[in-house]
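Thanks for coming. Please have the sequence and the model open while I go through a few elements.

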Amino acid sequence: MDKINVLWADDEIDLLKPHILFLQEKGYDVQTATSGDEALELVEANNFSVVLLDENMPGLSGIETLSKLKTKRPQLPVIMITKSEEEHIMEDAIGSKISDYLIKPVNPNQILLSLKKTLDNKRLISEKTTSNYQQEFRQIGMSLGDRLNWEEWKDIYKKLVYWELELEKSKDESMFEILKMQKSEANKLYGKFIENNYIGWLNGKTANPPLFSHTLFKAKIAPMLDKDETTFVVLIDNLRYDQWKIIEPIINEYFKVEQEDLYSSILPTATQYARNAFFAGLMPSEIEKRFPKLWLNDEDEGGKNMHEEELLAEQLKRLGKDVKMSYHKITNHAAGKKLSENMSNLMQNRLNVIVYNFVDMLSHARTEMEVIRELADDEKAYRSITLSWFEHSPLHEIIKQIAAKKCKLVITTDHGTIKVTEPSKVVGDKNVNTNLRYKQGKTLDYVKKEVFEVKNPADVFLPKQNVSTTYVFVKEDLFFAYPNNFNYYVGYYRNTFQHGGISLEEMIIPVVTLSAK
C-alpha cells in the first residue's frame, strides 16, 4: 500500500519505539513529537493522514493540543491515547471530534486496528458493500427471470433502491453502473408485467391486485378514523420511494414507523388522475360520471385538482365516517409557514389532510428552470435536493408539531417520477395533451412496442372524450417527442424527471404509518 503518514505525539515517545517499528513494518511512515507545541509545528509543515495524541503531556495538554489541531486542520483524524479513564476527559475529547480513543497501556495491534478503523473505514465498507451487491445482483437477476407477482415486484424494487443508496455511499462507479443496467432491465420487464395484468386487476379478472390509488384511503386510513385520536395524512406530491428513504432518518427522530408499505399509482401516473382517485376513492371515469362538476379532462381549461376536499368529503360519507376533518394544500413556502404557525387549531379534528406540492414543483421546475436543472442533475442530486428542502421546510416543523401532540401520521404520495433519456416518436392533432409520458387522443400515431396501448378507455376506467379516444403510456425511461422540431425537443427534455407513464419509480410508491415516539 502507499505509505500513510502518521504523527505520534507523546512525551514518553522513547518507550514506544517497539510500537513504532511494528507500524513501520506494516507500511506506515511514523514521525514523532514529544510535546503539543512540537506536534502543532509538524502538522503545520507536513501533510499527515492521522495523529496519535497522548492526552497527558507536560506544557500544552492533549486536549489543548487537540483543540488547536482542529482549528488548523479540521478534517485531520486524531486518535487520543490516555492513562486516564476519567469521564470528563473522554467527553472533552469526543466533543472535540476525535476519531478514536485508546486507554494506556496500548499494544501494537490495538494501535493498528484503530488506524485501520479510522483511515480505512470508508474503503472497507465500500468493498463490503460491493461484495454484498455482487451476491445480490445474481439473486435479483434470477428473480427477474421468474413470473413475478405484485408482492415480488415490490420486493425487487425495495432491493434495487436499497442497493442504489448503499452503492452511492461506497462511490464504486463500476458497480453503480451495473446496478443502473439491472434497474433498467427490471423496468423493461415491469412494463410487460403491467401490460399483462393492469386491465385484469382493475376489472376483477386477475387475482391479488395491488393496493391502488383509489383503494388506498379505504384500506389504510379509514380504519384509523374509528379510534379516538387525531390522524394527520401528509401527501407529498411526486415522492418516490428512494426519496422517502432519504428523509426517513429525520422523521425517525420524532416518529417510529408502524408500517411501511408500497402501493401502486393508477395510470396515468399523473396528479390529475392519481391524486383525484386517492381523494375520491374512485377511478377517474367514475369521478366524471358521479361528479361531473368536479372533474376536468385534459383539454379543459382550469386546474385539474381543485376539488380534492369535496371528493374526500364524499368518500368519507360513503364510508360512513362522520368525522371532523380539515384539508390544506400547500403550494409555496409562505403557505407552509402559515400552516405551521396555526397547527394548534387542527388538534381537535379526527382527520387532517395536508397536500404538500413541493416535490412536484421541483420536478417540473427542473425542466423549466436552468438553476434547478443544474442542481438536480442526476438521481443522487435529485435525492439530495429533496433532503435539503425537507430539512429546511415548514413541513419539517409541521411534522415535529404532530409528534409533540402524539398524533398518528400517515405519509404517502400520489405518484413518482423517472429520469427520461430517450425519445419515442408520437404524432397527434392539436388536441393531444402535453404530458411527455402519456398521450390521449383520437388520431395518435406511435411506436407500438414502446407503449402500453389502451384502445378502449373504459377498460382502465379513464374518461373517453370521443368515440375513438386512445390512451398510450410510454414505458421504461422513454419520453414522447413530436417529429417536427425533433432535435430541439429531445435536447430540451432528455435527462429531465417526468411522470405519467409506466416505471417502477412512477408506479411503486410509499405509504407509511407512523406513531409519535
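Strand β12, residues 422-427, pairs with β17 in the parallel sense over four bridges. Pairing here requires that DSSP finds at least two bridges between two strands. Helices (H or I, at least four residues) and strands (E, at least two) are DSSP runs, numbered from the N terminus. One bridge to look at is that of Pro-423, whose partner in β17 is Phe-479.

This is a predicted model, in which local features need pLDDT of at least 70 and side-chain atom pairs count only at pLDDT 80 or more, while totals for chains, interfaces and linings use all residues. Residues are numbered from 1 along each chain as its sequence is written, and side-chain values use heavy atoms, with hydrogens and water left out.

Back to the sheet. It is open, has three strands in the order β14-β12-β17, and its pairing is mixed. β14 (445-446) and β17 (478-481) are at the edges with a single partner strand each, so each has one side without a neighbour in the sheet. Helix α18, residues 486-493, packs on this sheet and touches β12 and β17. Contact means heavy atoms within 4.5 Å. The direction of α18 makes about 145° with that of β17; axes are lines fitted to C-alpha atoms, for helices over the stretch in contact, and angles run from 0 to 180 degrees between N-to-C directions.

There is another open sheet of three strands, ordered β13-β16-β15, with antiparallel pairing. Its edge strands, β13 (438-441) and β15 (451-454), each pair on one side only. On average, neighbouring strands in this sheet are turned by 15° against each other, direction ignored. β15 and β16 (residues 470-474) run antiparallel and are joined by four bridges. Phe-452 stands opposite Phe-473 in β16.

Now a helix. Is α10 mostly covered or uncovered? Mostly covered: 10 of its 10 residues, 271-280, are buried, meaning under 20% relative accessible area with a 1.4 Å probe, protein chains only. Among them are Arg-275, Asn-276, Phe-278 and Phe-279. After α10 comes Gly-281, with a positive phi near 70°.

Finally, the whole protein. The protein has 19 helices and 19 strands, and its C-alpha trace spans about 95 × 55 × 40 Å along the principal axes. Of the 517 residues, 55% are buried. Among contacts with a separation of 6 or more, 74% are between residues 24 or more positions apart.

Note on methods:
Buried < 20%, exposed > 50% of the residue type's maximum accessible area, 1.4 Å probe, protein only.
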